[in-house]
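I opened my notebook with a few things to look up, and I kept the entries short. Here is the model I worked from.

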Amino acid sequence: MDTDTIDKETTKPVLELNREEGLVEDTIPWYAIKLFSMRQNEVKRAFEENLIPTFIPMQMVDFEDSNHVRHELRPVVKNLIFVKKTLEEPDMRHFIANLDYKLSVITKSRTDRTYYEIPAKQMFEFQAMCNPGILMRKFLTAEQAKLKPGAPVQVKYGPLKGLTGRLVRSNKKYYLLKEIPCLGVMLKVSRWCCVPLEPQSK
């Protein structure tokens, strides 16, 4: 029997943890933006000063300072930021073009330069899984995530109840993998808590 579980310190459902922090589900999609500099905080401030919400995945990092090990929240990726589509695409393009920073918004494809929209539900679940208070978590590049075989599932029981993703195996343990453009996140889960997702009808 599979005994994989979320760390004992994680007792509340992931979605509940994030709702307490003010994350609310809605229908507004998000954009993924790559930065060509390390001025991530400045870019974040520029968007938020214009009432455009942002999200930067963070993780706790251990580092040594004066012979003491300290802990600090740092960005998972230093040249990536997600922004909420609170403006129509032409207005967002105009706003970005007038920023003093070189940015590149992820598009649908090399031939279709329309901005790729991350669905609100997908982004909400990704944000929930990025909660720094959750242990037993791994971040992956988009390329690494694509190489992970696994079937689409929904978690029906336990701390991750309600989340969807792919059930993948790594080092004899099971994880729920959530992918969005440029990044993936995996949380340790029991496969017995997951049920297959039925294919969506066309």
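These are my entries, starting with the whole protein and then moving to one helix and its surroundings.

**Entry 1: overview.** I noted at the outset that this is a predicted model. I looked up the secondary structure and found five helices and twelve strands. The protein has 202 residues, and 42% of them count as buried. For the accessible surface I got about 12,300 Å², with 51% of that belonging to carbon and sulfur atoms. I also checked contacts with a separation of 6 or more: residues 24 or more positions apart account for 67% of these.

**Entry 2: helix α4.** I asked how many residues of α4 are buried. The count is nine of ten, so the helix is largely enclosed by the rest of the structure. I wrote the buried ones down: A120, Q122, M123, F124, E125, F126, Q127, A128 and M129. The helix itself runs over residues 120-129.

**Entry 3: the nonpolar cores.** My next question was which residues of the largest nonpolar core touch the most other members. They are F82, M123 and F126, in a core of 28 residues. I then looked at where this core comes from: α4 supplies at least two residues, and so does each of the strands β1 (30-35), β5 (80-84), β8 (151-155), β10 (173-180) and β11 (183-188). I also found a second, separate core of 18 residues, with V43, V83, L103 and Y115 among its members.

Back at M123, I listed its contacts beyond four places in sequence: W30, F55, F82, I118 and I180.

**Entry 4: polar side chains on α4.** I wanted to know whether E125 is buried or exposed. It counts as buried because its relative accessibility is 2%, and the cut-off for buried is under 20%. What does the side chain of E125 meet in a polar contact? I found the side chain of K178, at 2.7 Å. Leaving aside neighbours within four places in sequence, E125 is in contact with G162, L163, T164 and K178.

Q122 also sits in α4. A polar atom of the Q122 side chain lies 2.6 Å from the backbone oxygen of E179. Not counting residues up to four places away, Q122 touches K178, E179 and I180. I added a reminder on helix geometry: an α-helix has 3.6 residues a turn, so residues three or four places apart point the same way.

**Entry 5: Y116.** I moved on to the loop between β6 (103-105) and α4, where Y116 is placed. Y116 is partly exposed, with a relative accessible area of 31%. Its C-alpha atom is 5.9 Å from that of I106, although the two are ten residues apart along the chain. Beyond four places in sequence, Y116 touches W30, Y31, I106, T107, K108 and P181.

**Entry 6: cysteines.** I searched the whole structure for disulfides and found zero. Why is C194 not bonded to C193? The sulfur of C193 is the closest cysteine sulfur to that of C194, but they are 6.4 Å apart, which is too far for a bond because a disulfide needs the sulfurs within 2.5 Å. I looked up burial as well: C194 counts as buried at 12% relative accessibility, and C130 is buried with a relative accessible area of 3%.

Notes. Residues are numbered from 1 along each chain as its sequence is written. This is a predicted model: local features need pLDDT of at least 70, side-chain atom pairs count only at pLDDT 80 or more; totals for chains, interfaces and linings use all residues. Side-chain values use heavy atoms; hydrogens and water are left out. Helices (H or I, at least four residues) and strands (E, at least two) are DSSP runs, numbered from the N terminus. A polar contact is a pair of N or O atoms within 3.5 Å; within protein, one must be able to donate a hydrogen and the other to accept it, and residues adjacent in sequence count only if both atoms are side-chain atoms. Contact means heavy atoms within 4.5 Å. Buried means under 20% relative accessible area, exposed over 50%, partly exposed in between (1.4 Å probe, protein chains only). A nonpolar core is a set of buried Ala, Val, Leu, Ile, Met, Phe, Trp, Tyr and Cys residues joined through side-chain atoms within 4.5 Å. Accessible areas come from the Shrake-Rupley method with a 1.4 Å probe; for residues, only the protein chains shown count as cover.
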